[in-house]
Amino acid sequence: MWMFILKRFAQAIPVMLVVITVTFFMVRAAPGGPFDDERDVPPEVLKNLNARYNLDASVWQQYTDYLGNLLRGDFGPSFKFTNRTINEMIGFGFPVTLELSFYAIVFAMCIGLLAGVISALKPNTWQDYMPMSTAMLGICLPSFVLGPLLILVFGIWLEVLPVSGWGYTPSDKILPSVTLGFTYAAYIARISRGGMLDVLSQDYIRTARAKGLSTFRIVSVHALRGGLAPVVSFLGPAMAGLLAGSFVVESIFQIPGLGRYYIQAAFNRDYTMILGFTIFYAGLIVVFNLLADILLVWLNPKLRHQLASNT
């Protein structure tokens, strides 16, 4: 298992290097600069700003300097937020984004697994068609459409839930979490249905039924572990997608997470913020994919045996 983890980490190093390099040069190749929208900036002041942020050096010199700072864990200062570093902004915004993503994945897992299991137990019936039709709707309905619809219904018409903010009351976390997690709940429902249908057709499930075991025991003890394998493999990219894709929901509900800063950085051409957040998100994707692979190996004895044989 340890060799498997080390190999995954070794594979992540060139991936991260490519992400850093491509993002750096794409940002530098974009038209305009971080101080182009400043009004009536004297040439001397602009020259001092470029010197302060190392923008007067060659692009390759800036690239090597940035790599050196990254090795020390320094993402650099923000161009637009005076006297604030990217590390400080990540430390401020990431806990909010992580909390939002956690609530969203819990919602997605609970709703998706329940719908998938019910559909698998009652295939080709209304108990199957209804949740799968809802899941298809969830896949087709983007968050920037679902969010305003939920605000309109529950915030304006019914006036039962707040429509913006974060952390003031527990209820203000419901609409953002549902908006962010609904699409992933739909995917989990369809994936878990397929996995459960495959497991429920196995011989050992038929043997368990022949012994007179209850449906609840068959599902919870025998079928669910094998049926969850496709869901587990999906959780790594899903959690990374929740973290990286939360900026739309954060903008809709005015949540002070990383997503709002990311959007501001794009409009402000804040090079270091764009680079820092992109690298941070890429690292999260690598980490969560690794965790999903480890959990999948742990759930599948066949994979554990194969890894032990290879080592």
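Which residue lies over the face of Phe-92?

1. Arg-84 is that residue, placed 6.0 Å from the ring centre of Phe-92. The model is predicted, and the points below concern its aromatic rings.

2. A second ring has a charge over it: the charged end of Lys-173 sits over Trp-166, at 5.4 Å from the centre of that ring.

3. The structure holds 17 aromatic pairs. One of them joins Phe-79 and Tyr-271, whose ring centres are 6.0 Å apart and whose planes meet at 65 degrees, an edge-to-face arrangement. The two residues belong to distant parts of the chain, 192 residues apart. Phe-79 is in the loop between helix 3 (59-71) and helix 4 (86-121), while Tyr-271 is in helix 13 (residues 271-299). Both Phe-79 and Tyr-271 are buried.

4. Tyr-184 and Phe-234 make another pair, with 6.4 Å between the ring centres. Their planes are at 40 degrees, and therefore the pair counts as tilted; an edge-to-face label would need an angle over 60 degrees, and a stacked one an angle under 30. This pair also links distant parts of the chain: Tyr-184 lies in helix 7 (residues 174-200) and Phe-234 in helix 10 (residues 229-244), with the two residues 50 apart. Tyr-184 is buried, as is Phe-234.

5. Some rings group beyond a pair. Phe-24, Phe-25, Trp-60, Tyr-63 and Tyr-66 together form one aromatic cluster.

Key. Residues numbered from 1 in each chain as written. Predicted model: local features only at pLDDT ≥ 70, side-chain atom pairs only at ≥ 80, totals over all residues. Heavy atoms only, no water. Phe/Tyr/Trp six-rings, centres within 6.5 Å; stacked < 30°, edge-to-face > 60°. Helix = DSSP H or I, 4+ residues; strand = E, 2+ residues; numbered from the N terminus. Buried < 20%, exposed > 50% of the residue type's maximum accessible area, 1.4 Å probe, protein only. Lys NZ or Arg CZ within 6 Å of the ring centre and 35° of its normal.
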